[in-house]
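Trainee: I would like a close look at a single part of this model. Please take one helix and follow what surrounds it.

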Amino acid sequence: MADLAKAKTLLEAQLAELKARLDNIETDLAEPMDADSSERAVQMEDDESLEGQAAVIERSINATQRALFRVEDGSYGTCMECGDEISAGRLEARPESVLCINCKQKG
């Protein structure tokens, strides 16, 4: 069984880092556009990239929050597909994992 206290600590730290990164991106996106049209075009391209990064971070935030919920309800560390225990190494590398490595490779 997974060390739930350690997992919770790791997940909470991961969540805080992800939220800080998202806040930084949102701050950058909120900056007004430059009046120079050529500079504005560059900023628009940068904003598109930042919006893509924000979407990835939001998915990671959601996965991390779901993992914290699983810690609380006692299902953390159990594969959602087959019901087997997720290896400690996998959880250490990807604490938000919901599938064991065998089920992950099948999908």
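Mentor: In this predicted model, the buried residues of α1 are Ala-7, Leu-11, Leu-15, Leu-18, Leu-22 and Ile-25. These residues pack against α2. The helix α1 has 27 residues, which should span 39 Å at 1.5 Å a residue, and the 38 Å between its end C-alpha atoms agrees with that.

Leu-29 also belongs to α1. Is Leu-29 buried or partly exposed? Its relative accessible area is 25%, and because buried means under 20%, Leu-29 counts as partly exposed. Beyond four places in sequence, Leu-29 is in contact with Asp-47, Leu-50 and Glu-51. A C-alpha separation of 9.0 Å is found between Leu-29 and Asp-46, although their positions lie 17 residues apart along the chain.

The contact with Asp-47 leads to the partner helix, since Asp-47 is found in α2. Asp-47 has a relative accessible area of 16%, so this charged residue is buried. With residues up to four places away in sequence left out, Asp-47 touches Leu-29 and Met-33.

Now α2 itself. This helix has 37 residues, and its first and last C-alpha atoms are 53 Å apart, close to the 54 Å expected at 1.5 Å a residue. Its buried residues are Gln-43, Asp-47, Leu-50, Ala-54, Ile-57, Ile-61, Ala-63, Thr-64, Ala-67, Leu-68, Arg-70 and Val-71. They pack against α1, residues 4–30. After α2 comes Gly-74, with a positive phi near 85°.

Ile-57 gives a closer view of the packing. Apart from neighbours within four places in sequence, Ile-57 is in contact with Leu-18, Arg-21, Leu-22 and Ile-25. Of these contacts, Leu-18, Leu-22 and Ile-25 are among the buried residues of α1.

Nonpolar side chains tend to be buried together in soluble globular proteins. Here the largest nonpolar core has 19 residues, and those with the most contacts inside it are Leu-11, Ile-57, Ile-61 and Tyr-76. The elements that give two or more residues to this core are α1 and α2. The largest share, seven residues, comes from α2.

Two of those core residues, Leu-11 and Tyr-76, lead on to Pro-95. Pro-95 lies in the loop between α3 (88–93) and α4 (101–106). Where does Pro-95 make its contacts? Not counting residues up to four places away in sequence, Pro-95 touches Leu-11, Gln-14, Ala-67, Tyr-76 and Arg-90. Among these, Leu-11 is a buried residue of α1, and Ala-67 is a buried residue of α2. Pro-95 is itself buried, with a relative accessible area of 7%. Pro-95 and Gln-14 are 81 residues apart in sequence, yet their C-alpha atoms are 9.1 Å apart in space.

The last item is the open space. Rolling a probe the size of a water molecule over the atoms shows where empty space is left. The largest pocket holds about 290 Å³ of space. It is lined by 15 residues, and the closest to its centre are Ala-63, Arg-94, Glu-96, Ser-97 and Val-98. Of these, Ala-63 is one of the buried residues of α2. Helix α2, residues 37–73, gives the largest share of the lining, seven residues. By class, the lining has four nonpolar, four polar and seven charged residues.

Key: Residues are numbered from 1 along each chain as its sequence is written. This is a predicted model: local features need pLDDT of at least 70, side-chain atom pairs count only at pLDDT 80 or more; totals for chains, interfaces and linings use all residues. Side-chain values use heavy atoms; hydrogens and water are left out. Helices (H or I, at least four residues) and strands (E, at least two) are DSSP runs, numbered from the N terminus. Buried means under 20% relative accessible area, exposed over 50%, partly exposed in between (1.4 Å probe, protein chains only). Contact means heavy atoms within 4.5 Å. On a 1 Å grid over the protein atoms alone, a cavity is a set of points where a 1.4 Å probe fits but cannot get out, and a pocket is an open set with protein on both sides within 12 Å along at least five of seven lines; lining residues have an atom within 4 Å of a point. Grid points are joined across faces, edges and corners, and a volume is the space filled by probe spheres set on the points. The expected span of a helix is 1.5 Å times one less than its number of residues. A nonpolar core is a set of buried Ala, Val, Leu, Ile, Met, Phe, Trp, Tyr and Cys residues joined through side-chain atoms within 4.5 Å.
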